[in-house]
Every structure is written in structure tokens, then in C-alpha cells.
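Okay, thanks for coming, everyone. I'll put the sequence and the fold up on the screen, and then we'll walk through it together.

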Amino acid sequence: MSMNPFCEIALEEALKIKESGLAKEVVAVTMGPSNCVDTLRTGLAMGADRGIHVEAARDLVPLSVAKVLKKLVEVENPGLLILGKQAIDDDCNQTGQMIAALLGWPQGTFASKVVLDKEKQVATVDREVDGGLETLCLDLPAVITTDLRLNQPRYATLPNIMKAKSKPIKRYTPEELNVEIKSDLEVVQVTEPPKRKAGVILSSVDELIDKLKNEAHVI
């Protein structure tokens, strides 16, 4: 129904790289049923030059997405692959790492800052870790996955939304890319978290202390 927020950040970073003169073209990719094209058009309206839609009727697990991306990389030969660090529906956080492994490319995950050096053909990536910031230097081509603090995505303006309607979208099927879509995972069960009890209005501090001590057992 809408673009994954982390992928929106990835697209914004790609657009900034192009605007700085370090890239010639930004290609946006989506996978899924036909209505995914609407989201792809949003990416084109933000500024991507063209789009690729891989039509897939069934749900895609991260490994299948990575295999499809590998085939597209072989077709497109990009200098940099930027993805959101995870999807907000399944929270897998696996696709970027898997595509880097399949391609044999270096990877910088959870990027909060990206600096490219076109002459040296390297990317410097700052990533937020528990102890602070970690800085990596990656040889290009490379895979980068984006974190929340990397940038603030732009809004698509009305003129650009109109222009996006005429931008090209190349369509593939997994079969055309020689990728078998299958899942090695089975979702056994999905359950909601237990509902919280209704709040209680207390009449005094003494009553609050009594409940914290004898019911909640926190003091």
C-alpha cells in the first residue's frame, strides 16, 4: 500500500548521490503483484529515472528477493546497491546481507552516513552500533542497507508525480530471470500479545504504594 520507510530512505540516499554528480542513474526495483507498480511510481515521482517490476503472485521470503536482485544486478550492472535495512511487515533484516553474500560484494548495514569517493571507488559508511559509531570503508561495487537517521526522504511534488507516469518500467517474471520462488520457511502461528488490563484510578498515595508493593511486587 505504501513504500517501506527504510527503502524510502534508501531511495532518497540514491537520489542525493546522483544529485551530487556521483551517479548517472537511479533505478528503483519492486517485487510483488501488479498493484506494486503504484508504489514504484511513487519512487519515480521522488526522482528515480526508471523502474523495474518483478511480478510475483506469492509472498517472497528474503532469500528469494536476494536471488532475484542478484539476477537483476547481472542485467543492470550497477555500481552500488542500496536497500532499506528491513521491511516493516516481517522485520526480517536479511535481504541486504543475503544479496551481498550471493554477489560476493562488501556490505555496510544500518548506514547512518554514506560518503562515496568516485576516484578511489570506495564508499565510507558510518553505522550505529551499541557502543557508538563504527566506520567502514567498502570497495565498490557494494551493498548498503539504510537506517532511520541516514536522511529525511523528500515528498513527491505534483509536477514530478505527473512526470512519473511517463517514466519507463521494465517488467520481469522470476521465470524470465531463472529464479525459482519457493519458501524454506513455514509460519506455524501468529498470535497477538496479551491485552493489558484496564487502568485503575487511585484515591491516595498510600493506596498506590500498597498496590505497588502487594500486587505489582515492584517495591
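So, what pattern does the chain follow, read along the sequence? The answer is α-β-α-β-α-β-α-β-β-β-β-α-β-α. In total that makes 6 helices and 8 strands. Because the radius of gyration is 22 Å, well over the 17 Å that the globule rule gives for 219 residues, the chain is more spread out than a compact globule. And before anyone asks, yes, this is a predicted model.

Some overall numbers, then. The C-alpha trace spans about 70 × 40 × 40 Å along its principal axes. As for burial, 37% of the 219 residues count as buried. The accessible surface comes to about 13,900 Å², and carbon and sulfur atoms account for 52% of that. If you take the contacts between residues at least 6 apart in sequence, 67% of them join residues at least 24 apart. On charge, there are 27 positive and 32 negative side chains, and the centres of those two sets lie 5 Å apart.

Let's go to helix H1, residues 5–19. How far apart are the end C-alpha atoms of H1? They are 21 Å apart, and 15 residues at 1.5 Å a residue should span 21 Å, so the two agree. The buried residues in H1 include Phe 6, Ile 9, Leu 11, Leu 15 and Ile 17. What do the buried residues of H1 pack against? Their partners are helix H2 (36–46) and three strands, namely E3 (80–84), E4 (107–117) and E7 (142–146). Right after H1 you get Gly 21, with a positive phi near 85°.

One residue in H1 that I'd like you to look at is Glu 12. Is Glu 12 buried or exposed? Glu 12 has a relative accessible area of 3%, so it counts as buried; the cut-off for that is under 20%. Who does Glu 12 touch, leaving aside neighbours within four places in sequence? Glu 12 is in contact with Met 46, and also with Asn 151, Gln 152, Pro 153 and Arg 154.

Next up is helix H3, residues 62–76. H3 has 15 residues and reaches 20 Å from its first C-alpha to its last, close to the 21 Å expected. Among the buried residues of H3 are Val 65, Val 68, Leu 69, Leu 72 and Val 73. The buried residues of H3 pack against strands E1 (27–32), E2 (50–55), E3 and E8 (169–172), plus helix H4. So E3 turns up in the packing of H1 and in the packing of H3. After H3 comes Asn 77, and its phi is positive, near 55°.

Now some backbone oddities. Most residues other than glycine have a negative phi, and most peptide bonds are trans. With that in mind, look at Asp 91, where phi is near 55°. Asp 91 sits in the loop between E3 and helix H4 (95–103). At a relative accessible area of 46%, Asp 91 is partly exposed. Phe 110 also has a positive phi, near 55°, and Phe 110 lies in strand E4.

Then there's the peptide bond. Which form does the bond from Leu 140 to Pro 141 take, cis or trans? That bond is cis, with omega near 5°. Leu 140 lies in the loop between strand E6 (132–139) and E7, and Pro 141 is found in that loop too. Setting aside neighbours within four places in sequence, Leu 140 is in contact with Gly 79, Leu 80, Leu 116, Gln 121, Val 122 and Ala 123. Take Val 122 from that list: Val 122 and Leu 140 are 18 residues apart along the chain, and their C-alpha atoms are separated by 5.3 Å.

Last stop is Gly 132, in strand E6. Gly 132 counts as partly exposed, at 30% relative accessibility. How far is Gly 132 from Asp 90 in space? C-alpha to C-alpha, Gly 132 and Asp 90 are 27 Å apart, with their positions 42 residues apart in sequence.

If you take away two spots to click on, I'd pick the buried Glu 12 and the cis bond from Leu 140 to Pro 141. That's it from me.

Note on methods: Residues are numbered from 1 along each chain as its sequence is written. This is a predicted model: local features need pLDDT of at least 70, side-chain atom pairs count only at pLDDT 80 or more; totals for chains, interfaces and linings use all residues. Side-chain values use heavy atoms; hydrogens and water are left out. Helices (H or I, at least four residues) and strands (E, at least two) are DSSP runs, numbered from the N terminus. The radius of gyration is taken over C-alpha atoms; the globule rule is 2.2 Å times the number of residues to the power 0.38. Buried means under 20% relative accessible area, exposed over 50%, partly exposed in between (1.4 Å probe, protein chains only). Contact means heavy atoms within 4.5 Å. Accessible areas come from the Shrake-Rupley method with a 1.4 Å probe; for residues, only the protein chains shown count as cover. Lys and Arg count as positive and Asp and Glu as negative; His and the chain ends are not counted. The place of a charge is taken as NZ of Lys, CZ of Arg, CG of Asp or CD of Glu. The expected span of a helix is 1.5 Å times one less than its number of residues.
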